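Here are some exercises to work through with the structure open beside you. Try each task before you read its solution.

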Amino acid sequence: MPGRPHVCVVGHGVAGRLHRQLLEGMGLSVSVVDPAAPRHDTPVATAATLTELPADRPVDVWSVCTPTAAHVHTVAAVLDRDPEARVLVEKPACRSWEGPELSALLDAHDRARLVVMNQYAHAKAPAILEAVRAEFAPRHPVRAVRVAFCKDRREDIAAGRFVDLDYGVFGYEWLHMLAVLGSLLPAPAFDRYLRDAPAPHAVRIARDPRLASTAAHETTTLRTADGSAVEIELYSTITGPDAPHTAPAPAWARRTGPATDSRLRLARVEAGPVVLTLELDPVFLPNGTRLPRNTHRLTLDGPGGHREWLVPDSPMDNALRHAVATLLGPGPRPPLDLRPLGRIGRLARLAARTDTPADAPHTAPTALPTRL
């Protein structure tokens, strides 16, 4: 169909394939740049490198899904090809020391646009949680926000996938957790949290000499504009619930799914006598049956008893639609927000120190790839 926007997905790994699938589902024309992408028996135009991509077919949006270590180089190559390019970059936007370089690239190409993928910033379920809290605890300030994202990635890591030696555990799910946290906190309080340096005593980190870190548990307290205190608690692991280490899962972050599925994406808000728990996909019934994909569950427990709501929503689809609209739309150029990246960079540097309460043996992957 002529006239459809053309999106070129650079990097055809797990993220790139998902981008391609969703973008095609939106009716967009998609091509792929990846040396390992199939060249035959596929309706999608492919090229091994950017230089091999035909120049006679303009690209409306570039979707950069390469490994994090190649993001800045790939963005630079795209801008060299098209100084006014519209670029979507998977998270993390870059390695911890590359923020100034990425900012300088955009400053030198002031007609280009760049959006960093942030799927959980576009999830509908946290907004529904806030609406339910306002209805059932209208006179009570939020006293705690707890977020946990967990997945056992040991097999992936041993196979050479999802290896982050720069940020460690903070490069996998922590940005997603920050996006959820930001949707549940007042903007000024969240901004202060992102800009503050994490206190060593507030973060327990499980280290691995080959993976930087494999689990982290942060507990801190924020003050909101009205002076009330909000306890913030974040937890993530990439080694699964059976791996003993110094950052074990807190009681509120226990999995409810079958033993064969290690994933957990959970947010909990406590306000007065009310506790709201949001389980993001995957969600399981008590018998272990998984609810349909992109189905989320919100529960409320309080003086009135227990209530549940199911929320169908695809944060990834929402985020891609938002990104394409932002990149191609008439609005102002979006700013590059590196605050979350700065936060996980500071946490990663904290993990590298020797005086934080984090050293203990724990289960590590059986093998590491020789090439990233």
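**Exercise 1. Find how E9 and E10 pair, and over how many bridges.**

Step 1. Strands E9 and E10 are antiparallel partners, joined over nine bridges. Strands (E, at least two residues) and helices (H or I, at least four) are DSSP runs, numbered from the N terminus, and two strands pair if DSSP finds at least two bridges between them.

Step 2. One bridge to look for links Ala 215 with its partner Thr 237 in E10.

Step 3. Now follow the hairpin of E9 and E10: five residues lie between the strands, and Gly 227 has a positive phi near 90°.

Before going on, note that this is a predicted model, in which local features need pLDDT of at least 70 and side-chain atom pairs count only at pLDDT 80 or more, while totals for chains, interfaces and linings use all residues. Residues are numbered from 1 along each chain as its sequence is written, and side-chain values use heavy atoms, leaving out hydrogens and water.

**Exercise 2. Write down the strand order of the open sheet formed by eight strands.**

Step 1. The order is E8-E9-E10-E7-E11-E12-E13-E14, with mixed pairing.

Step 2. At the edges are strand E8 (203–208) and strand E14 (305–312), each of which pairs on one side only.

Step 3. On average, and ignoring direction, neighbouring strands of this sheet are turned by 10° against each other. Such angles are taken between N-to-C directions and run from 0 to 180 degrees; axes are lines fitted to C-alpha atoms, for helices over the stretch in contact.

Step 4. Helix H7 packs on the sheet, where it touches strand E9 (212–223) and strand E10 (229–237), and the direction of H7 makes about 135° with that of E9. Contact here means heavy atoms within 4.5 Å.

**Exercise 3. Describe how E7 pairs with E10 and with E11.**

Step 1. E7 and E10 run parallel and are joined by seven bridges. In this pair, Phe 149 stands opposite Ser 236 in E10.

Step 2. Strand E7 (residues 142–150) is antiparallel to strand E11 (residues 264–271), with eight bridges. Here Arg 146 faces Arg 268 in E11.

Step 3. Is E10 enclosed or open? Seven of its nine residues are buried, so E10 is largely enclosed by the rest of the structure. Buried means under 20% relative accessible area, exposed over 50%, and partly exposed in between (1.4 Å probe, protein chains only).

**Exercise 4. Work out what surrounds Leu 222.**

Step 1. Leu 222 belongs to strand E9 and is buried, at a relative accessible area of 5%.

Step 2. Leaving aside residues up to four places away in sequence, Leu 222 touches Leu 185, Ala 189, Tyr 193, Ser 228, Ala 229, Val 230 and Ile 232.

Step 3. For a longer step along the chain, take Ala 144: Leu 222 and Ala 144 are 78 residues apart in sequence and 9.6 Å apart in space, C-alpha to C-alpha.

**Exercise 5. Describe how H7 packs with H6 and with H9.**

Step 1. Helix H6 (residues 174–184) packs with helix H7 (residues 187–195) at about 150°, their axes 8 Å apart. That makes H6 roughly antiparallel to H7; under 35 degrees counts as roughly parallel, over 145 as roughly antiparallel, 65 to 115 as roughly perpendicular and the rest as oblique.

Step 2. Leu 178, Leu 181 and Gly 182 in H6 meet Phe 190, Tyr 193 and Leu 194 in H7. These residues divide into five nonpolar, one polar and no charged. Ala, Val, Leu, Ile, Met, Phe, Trp, Tyr, Cys and Pro count as nonpolar, Asp, Glu, Lys and Arg as charged, and the others, Gly among them, as polar.

Step 3. H7 and helix H9 (residues 339–352) pack at about 40°, with axes 8 Å apart, and are therefore oblique to each other.

Step 4. H7 brings Asp 191, Tyr 193, Leu 194 and Arg 195 to this contact, and H9 brings Arg 339, Pro 340, Arg 343 and Arg 346. The contact of H7 with H9 has three nonpolar, no polar and five charged residues.

**Exercise 6. Locate the cis peptide bond that precedes Pro 282.**

Step 1. The bond runs from Asp 281 to Pro 282, with omega near 10°.

Step 2. Pro 282 sits in the loop between strand E12 (274–279) and strand E13 (295–302).
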